[in-house]
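Please take a look at the protein shown here. The briefing that follows goes through it topic by topic.

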Amino acid sequence: MPTELIFNDLCYRSLSSISVIALQRTVPAAVVGITFLSGGQSEENATLNLNAINQYQDPGRKPWKLSFSYGRALQASVLKAWQGKKENVAAAQKELQKRAYANHMACLGQYGGDVTGASGKESLFVANHTY
């Protein structure tokens with residue numbers, strides 16, 4: 001999903017329904033869980049997308065736990081707050097706690113978009129990124 005898109009509530013709901021329907025058609029119910037990568041989305045967009053997927057209602061048709069395995073979307077605000085300085089460790093830890101809480105709530109489908117980080121909605125997209 002291109003991170004250059006302007007996201008709004010309708011976009012999150014549309015992407016979540018498309019995602020869940022695709023999973024329903026291809027992933028057996030015996031699979032325990034599915035984790036999503038942030039894919040270069042901003043921290044906030046990754047969290048809002050995870051929240052929308054977990055809010056998607058289709059009774060009996062989402063047998064897996066839908067969670068996250070974010071790297072950049074958890075670290076960006078932490079690294080920005082820390083800046084490699086010992087005196088910023090507490091601020092960096094606070095940023096990590098905020099992002100972890102936001103994504104925990106998104107896993108429950110209860111994130112209200114009210115947790116902002118130092119990197120917030122900055123795109124984390126890196127062209128031609130390789131691992």
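In which sense do β1 and β2 pair, and over how many bridges? The two strands pair in the parallel sense, over 4 bridges. Keep in mind that this is a predicted model.

**Overall plan**

- The protein has 4 helices and 2 strands.
- Along the sequence, these elements follow the pattern α-β-α-β-α-α.
- Of its 131 residues, 42% count as buried.
- Take the contacts between residues at least 6 apart in sequence: 74% of them join residues at least 24 apart.
- The exposed surface comes to about 7,900 Å². Carbon and sulfur atoms supply 58% of that area.

**Confidence**

- The average pLDDT is 83, and 82% of the residues score at least 70.
- Confidence is highest in α4, at 94, and lowest in α1, at a mean of 83.
- Residues 1-5 stay under 50 in pLDDT. The model has 11 contacts beyond four places in sequence for this stretch.

**The strands**

- Gly33 of β1 has Lys65 in β2 as its bridge partner.
- Side chains alternate along β1. Ile34 and Phe36 point to one face and are buried. Gly33 and Thr35 point to the other face and are not buried.
- Phe36 has contacts beyond its neighbours within four places in sequence. Its partners there are Leu23, Leu50, Ile53, Leu66, Ser67, Phe68, Ser69 and Tyr70.

**The nonpolar core**

- In soluble globular proteins, nonpolar side chains tend to be buried together.
- The largest nonpolar core here has 23 residues. Leu23, Ile34, Phe36, Leu66 and Tyr111 touch the most other members.
- Two or more residues come from each of α1 (9-26), β1 (33-36), α2, α3 and α4.
- α2 gives the most to this core, with 5 residues.

**Helix α3**

- Its buried residues are Ala73, Leu74, Ala76, Ser77, Val78 and Ala81.
- The cover over these buried residues of α3 includes α2, β2 and α4.
- Gln83, just after α3, takes a positive phi of about 55°.

**Helix α4**

- α4 runs over residues 89-107, which makes 19 residues. From first C-alpha to last, α4 reaches 27 Å, close to the 27 Å expected at 1.5 Å a residue.
- Which residues of α4 are buried? They are Ala92, Glu95, Arg99, Ala102, Asn103, Met105, Ala106 and Cys107.
- An α-helix has 3.6 residues a turn, so residues three or four places apart point the same way.
- α2 (43-55), β2 (65-68) and α3 (72-82) are among the elements that cover the buried residues of α4.
- Gly109 follows α4 and has a positive phi, near 75°.

**A closer look at Gly117**

- Gly117 lies in the segment after α4.
- Why does Gly117 count as buried? Gly117 counts as buried because its relative accessibility is 17%, and the cut-off for buried is under 20%.
- Leaving out residues up to four places away in sequence, Gly117 touches Glu43, Ser77, Glu95, Lys98 and Arg99.
- Two of these partners, Glu95 and Arg99, are also on the list of buried residues of α4. Ser77 is on the list for α3.
- Gly117 and Glu44 are 73 residues apart in sequence. In space, their C-alpha atoms are 8.3 Å apart.

Notes:
Residues are numbered from 1 along each chain as its sequence is written. This is a predicted model: local features need pLDDT of at least 70, side-chain atom pairs count only at pLDDT 80 or more; totals for chains, interfaces and linings use all residues. Side-chain values use heavy atoms; hydrogens and water are left out. The expected span of a helix is 1.5 Å times one less than its number of residues. Buried means under 20% relative accessible area, exposed over 50%, partly exposed in between (1.4 Å probe, protein chains only). Contact means heavy atoms within 4.5 Å. A nonpolar core is a set of buried Ala, Val, Leu, Ile, Met, Phe, Trp, Tyr and Cys residues joined through side-chain atoms within 4.5 Å. Two strands pair if DSSP finds at least two bridges between them. Accessible areas come from the Shrake-Rupley method with a 1.4 Å probe; for residues, only the protein chains shown count as cover. pLDDT is the predictor's confidence in each residue, from 0 to 100.
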